[in-house]
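The exercises below concern one protein model and are meant to be worked with the structure in view. Try each task before reading its solution.

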Amino acid sequence: MKPRVLLTADGAEKAEALRAALSAGAEELVTASSLEEAWCLFKEDPPAAVVLDWDLSDQRAAAFCGKVRDHPTGRSAALLVLVDGGPAQTEKGFAAKADACLPRPLEPRRLRLWGTAVLRQARRGEEAGGVLRAEGLVIDPRRRTVACGDFLAGDLTEKEFALLCALLCALPASAQTP
């Protein structure tokens with residue numbers, strides 16, 4: 001299965017430019033031209049990576065990055081943010097929990113190389129499956145499932161699911177099973 005990459009930019013034109021720059025790869029590219037649309041797409045089917053081309057002085061963009069990181073599957077998703085040049089914008093990107101911040105303007109080849117590197121990092125997390133296990137409890141954040149033996153819990157709220165994932169991640173390594 002091809003890794004899914006969510007591309008979001010402030011405007012359809014910028015989003016399509018991102019798609020054109022990254023389309024040479026073997027990823028499934030999903031484009032959103034608003035943060036609201038991007039969040040809906042993220043929750044619907046969490047991607048392996050998110051590429052954000054948005055002005056970080058817009059608080060909604062930084063809040064979007066935070067929501068991605070706070071989501072149970074967002075911890076393993078790679079987050080690449082394009083910023084206006086200068087250290088202050090780069091600091092804002094990293095403060096928004098980005099894995100990488102690239103200054104604009106960015107030539108398509110360089111974006112493609114960084115995209116490949118960030119996806120490689122995300123694949124490492126996916127190869128591990130992102131599945132959490134401890135004492136017979138199995139949580140799959142990608143599928144949003146919780147199982148214990150033959151019991152499958154399917155009616156957890158988003159908050160309950162996130163709390164369960166956080167609690168399991170907080171367990172000492174000795175309590176977690178591979």
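The model is a predicted one.

**Exercise 1.** Across which strands does helix H6 lie, and at about what angle does it run to S7?

Solution. Find helix H6 at residues 158–170. This helix lies across S6, S7 and S8. Its direction makes an angle of about 120° with S7.

**Exercise 2.** Work out the order of the strands in the open sheet of 4 strands, and say which strands stand at the edges.

Solution.
- Step 1. Start with strand S6 (residues 132–134) and strand S7 (residues 137–140), which run antiparallel and are joined by 3 bridges. Here Arg133 is opposite Val138. The hairpin of these two strands has 2 residues between them, and Glu135 has a positive phi near 50°.
- Step 2. Go on to strand S8 (residues 145–148), which pairs with S7 over 4 bridges in the antiparallel sense. Ile139 has Val146 in S8 as its bridge partner.
- Step 3. S8 is joined in turn to S9 by 3 bridges, again antiparallel. On this side Val146 stands opposite Ala153.
- Step 4. The order is therefore S6-S7-S8-S9. S6 and strand S9 (151–153) each have a single partner strand, so they are the edges, and one side of each has no neighbour in the sheet. On average, neighbouring strands are turned by 15° against each other, direction ignored.

**Exercise 3.** Which parts of the chain are linked by the salt bridges Glu28 to Arg4, Glu36 to Arg60 and Asp70 to Lys97?

Solution.
- Step 1. The structure has 9 salt bridges. In one of them, Glu28 meets Arg4 at 3.9 Å, N to O. Glu28 belongs to strand S2 (residues 28–32) and Arg4 to strand S1 (residues 4–9), 24 residues apart. With a relative accessible area of 36%, Glu28 is partly exposed, whereas Arg4, at 9%, is buried.
- Step 2. Between Glu36 and Arg60 the closest N and O atoms are 3.3 Å apart. This pair links helix H2 (residues 35–44) with helix H3 (residues 59–70). Glu36 is partly exposed at 48%, and Arg60 is partly exposed at 44%.
- Step 3. For Asp70 and Lys97 the closest N and O atoms are 3.6 Å apart. Asp70 lies in helix H3 and Lys97 in the loop between helix H4 (87–95) and strand S5 (100–103), so the bridge ties together parts 27 residues apart in sequence. Lys97 is partly exposed, at 39%.

**Exercise 4.** Which residues are linked in a network of salt bridges?

Solution. The network links Asp10, Lys14, Asp53, Asp84 and Arg104.

Notes: Residues numbered from 1 in each chain as written. Predicted model: local features only at pLDDT ≥ 70, side-chain atom pairs only at ≥ 80, totals over all residues. Heavy atoms only, no water. Pairing = 2+ DSSP bridges. Axes fitted to C-alpha atoms, helices over the stretch in contact; angles between N-to-C directions. Contact = heavy atoms within 4.5 Å. Salt bridge = Lys/Arg side-chain N within 4 Å of Asp/Glu carboxyl O. Buried < 20%, exposed > 50% of the residue type's maximum accessible area, 1.4 Å probe, protein only.
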